[in-house]
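Reader: I want to learn to read a model like this one feature by feature. Show me the general idea first, then the case at hand.

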Amino acid sequence: MCQFCEEFNGNACNREDRAKVDLFLGGDNRYELFVTHSVDDEHDCFLTVIDNKDGNSVVSTTINFCPVCGRKLSEGV
């Protein structure tokens, strides 16, 4: 487990909380990319892009493995 795929306990609406798990590591000021876990099922994980201009999700896609450390994220795999 790495800092990017451990369960995010911050507020997804708070830019400072999201910055701790941003896969761009502050390299892009417009967008953030991070791993999120479903509220309904902790085993459902998503790679989410947030637009900092308006705080809305641009895209979110289901993932089964952490893109950084390769850890299996979903029990359904």
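Author: Start with one pair of side chains. Thr-48 and Thr-36 are joined through their side chains by a polar contact of 3.2 Å. A polar contact is a pair of N or O atoms within 3.5 Å; within protein, one must be able to donate a hydrogen and the other to accept it, and residues adjacent in sequence count only if both atoms are side-chain atoms.

Reader: What are the ground rules for these values?

Author: This is a predicted model: local features need pLDDT of at least 70, side-chain atom pairs count only at pLDDT 80 or more, and totals for chains, interfaces and linings use all residues. Residues are numbered from 1 along each chain as its sequence is written, and side-chain values use heavy atoms, with hydrogens and water left out.

Reader: What pLDDT does the protein average?

Author: pLDDT is the predictor's confidence in each residue, from 0 to 100. Here the average is 79, and 90% of the residues score at least 70. Among the elements, helix α1 (residues 15-19) has the lowest mean, 78, and β2 the highest, 86.

Reader: How many helices and strands are there in the protein?

Author: Helices (H or I, at least four residues) and strands (E, at least two) are DSSP runs, numbered from the N terminus. This protein has one helix and three strands. Along the sequence they read α-β-β-β.

Reader: Which strands pair with β2?

Author: Two strands pair if DSSP finds at least two bridges between them. β1 and β2 (residues 45-51) pair in the antiparallel sense over seven bridges. β2 and β3 (residues 56-63) also pair antiparallel, over seven bridges. Now take individual bridges. Leu-33 has Val-49 of β2 as its partner. Tyr-31 is bridged to Asp-51 in β2. Leu-47 finds its partner in β3, at Thr-61.

Reader: What lies between β2 and β3 in the hairpin?

Author: Four residues separate the strands, and Gly-55 takes a positive phi near 75°. Asp-54 is in that loop. From Asp-54 to Arg-30 is 24 residues in sequence and 9.7 Å in space, C-alpha to C-alpha.

Reader: Is Asp-54 buried or exposed?

Author: Buried means under 20% relative accessible area, exposed over 50%, partly exposed in between (1.4 Å probe, protein chains only). Asp-54 is partly exposed, at 48%. Of the 77 residues in the protein, 35% are buried. Now the strands. In β1 (residues 31-37), six of the seven residues are buried, so the strand is largely enclosed by the rest of the structure. β2 also has six of its seven residues buried, so it too is largely enclosed.

Reader: Which residues is Thr-48 in contact with?

Author: Contact means heavy atoms within 4.5 Å. Leaving aside neighbours within four places in sequence, Thr-48 is in contact with Glu-32, Leu-33, Phe-34, Thr-36, Ser-57, Val-59 and Ser-60. Thr-48 belongs to β2, and it is buried, with a relative accessible area of 7%. Its side chain also makes a polar contact of 3.2 Å with the side chain of Ser-60. For the whole protein, take contacts between residues at least 6 apart in sequence: 24% of them join residues at least 24 apart.

Reader: Which residues make up the largest nonpolar core?

Author: In soluble globular proteins, nonpolar side chains tend to be buried together. A nonpolar core is a set of buried Ala, Val, Leu, Ile, Met, Phe, Trp, Tyr and Cys residues joined through side-chain atoms within 4.5 Å. The largest here has 12 residues: Cys-2, Phe-4, Cys-5, Leu-23, Leu-33, Val-35, Cys-45, Leu-47, Val-49, Ile-63, Cys-66 and Leu-73. β1 and β2 each supply at least two of them. β2 gives the largest share, three residues. One core member, Cys-45, touches Thr-36, His-37, Thr-61, Thr-62, Ile-63 and Leu-73, not counting residues up to four places away in sequence.

Reader: How many disulfides does the count come to?

Author: A disulfide is a pair of cysteine sulfur atoms within 2.5 Å. By this rule the count is zero.

Reader: Why is the sulfur of Cys-5 without a bond?

Author: Its closest cysteine sulfur, in Cys-69, is 3.7 Å away, too far for a bond. Cys-5 is buried, at 0% relative accessibility, whereas Cys-69 is partly exposed, at 37%.
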